[in-house]
Amino acid sequence: MPRPDATDKLAATAPAQTNRLIVGGLVAILTLGAIFAAIFLGINNNSKNTSTPAASGGQSAATAAKATPKGATEFGGPMVVNPGAPANVPVLDIYEDPQCPVCAQFEQIYGPTVKALVQANAAKLVVHTMTFLDTNLKNDSSVRAANGAFCAADQGKFYEYMAQVYANQPAKEGTGYPADQLTSFAVKAGVADQQAWASCQAGLTYQAHTLALETNTEKSGVNGTPTVKVAGQTLKLTGNPADITDAVKAATK
Amino acid sequence: MTRRRRLDLLGTVLRLVLGGVLLVAGALKVTNLGASALAVRAYQLLPYDLAGYVGYGLPVLEIIVGLVLVVGLFTRTAAVVAGLLMLAFVIGISWAWAKGLSIDCGCFGGGGEIAWGRTAYPLELTRDVALLATAGWLVRRPATAYALDARL
């Protein structure tokens, strides 16, 4: 008995197989293409953020690119509020984003305690101003507020300026800080040369420094605010200012 | 209704659930790739640059796998990819929990650090394990009703 001819059967399945291959190949290529496009787009956005210093304000892009505010440890480094603290007291690192609501709460609860520690030089306060909420909230208020604080730092009023920022944070997260409000903070913080501050703020002189600081902080493993460290150890905040004073006392040599 | 038809219909439901969740999760994140990268970094699991690439690429992958599942194309392959994604999510969330991080999984946008006591690791893990099981079912039995697979 002859074997049944399979040619018809093969012909019936062959186009379907080919279709599957073509469609499958297309979907695969499209997927890979879209993923690479997204990665490219993301990297492009990120580097645009970190490499475009504001060249306006009379400064050349080259000098603005590495401009470092007074009191910062280095370009892209945190702000040392009381460099005169003696060597036996611990470093108190505070990580805050100007638009972070919990940071405003933190300042309300712990602010006076931190201020007292600074005034007594009982701890060396190092402030890492973060700005990632600009990305989350799709605005630029954190960078502008941070720049305002760094411009105030040039006149020794960084800490006072930041206090104004948190005390006047908008009730609704994402509202941001209008330019004239940032100017009023400079006045209330007691910045002496308002004209110098205004020109520094208009040119966003410390934008590159601010963005570099954000990247450095993220790379160091801090991804959230507020984060508080005493002598390098992250504190668990319970809402009691003694969290900080106890840790500082324990770490004082 | 035959047993086979019932299983096909069950497969359709599972396919729509898995695909729908992926589609929504991807769509909510794709509009803000920067935030997506931050959410991945908050796990402190991948190096800085790699975490960025994952953050940028993941929402797109989720959307495409979700779409393909919803219309029922290449159900088995798509379910394998979806299952691998869920496995990665389960590992990531477990890592964050074990490490004592206080983050939102960022599964549907958002993400990053949140207040202590606001974490939802058990819920997030339960959901992803359930979706992993769904993907497993579709890998074993990819035949479903109303799928474009049948027309190819």
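Student: What comes right after helix α7(A), and what is its phi like?

Tutor: In this predicted model, α7(A) is followed by A:G190, and the phi of A:G190 is positive, near 85°.

Student: Which residues of α7 in chain A are called buried, and what makes them so?

Tutor: They're A:L182, A:F185 and A:A186. Buried takes 20 or more other C-beta atoms within 10 Å of a residue's own, so each of these three passes that cut-off.

Student: How do you know that they line one face of the helix?

Tutor: Look down the axis of α7(A): the buried residues fall within an arc of 100°, so one face holds them. Turned away from that side are A:D180 and A:V187, which are exposed.

Student: What covers the buried residues of α7(A)?

Tutor: The cover includes α5 (141–153), α6 (158–167) and α8 (194–202) of chain A.

Student: Why is A:A152 said to be in contact with A:A186?

Tutor: Contact asks for C-beta atoms within 7 Å, and A:A186 is on the list for A:A152, along with others including A:F158, A:Y161 and A:W197. A:A152 is also among the residues with the most contacts inside the largest nonpolar core, which has 97 residues. Helix α3 (residues 48–71) of chain B brings the largest share of this core, 12 residues.

Student: How many residues does each chain give to the contact between chains A and B?

Tutor: Chain A gives 25 residues and chain B gives 25 residues. On the chain A side, α1(A) gives the most, with 15 residues. That side divides into 10 nonpolar, 11 polar and 4 charged residues.

Methods. Residues numbered from 1 in each chain as written. Chains lettered and ligands numbered in written order. Predicted model: local features only at pLDDT ≥ 70, side-chain atom pairs only at ≥ 80, totals over all residues. Core = buried A, V, L, I, M, F, W, Y, C linked by C-beta atoms within 7 Å. Buried ≥ 20, exposed ≤ 12 C-beta atoms within 10 Å, placed from the backbone. Helix = DSSP H or I, 4+ residues; strand = E, 2+ residues; numbered from the N terminus. Contact = placed C-beta atoms within 7 Å. Arc of directions from axis to C-beta. Nonpolar A, V, L, I, M, F, W, Y, C, P; charged D, E, K, R; others polar. Lists of a residue's contacts leave out its neighbours within four places in sequence.
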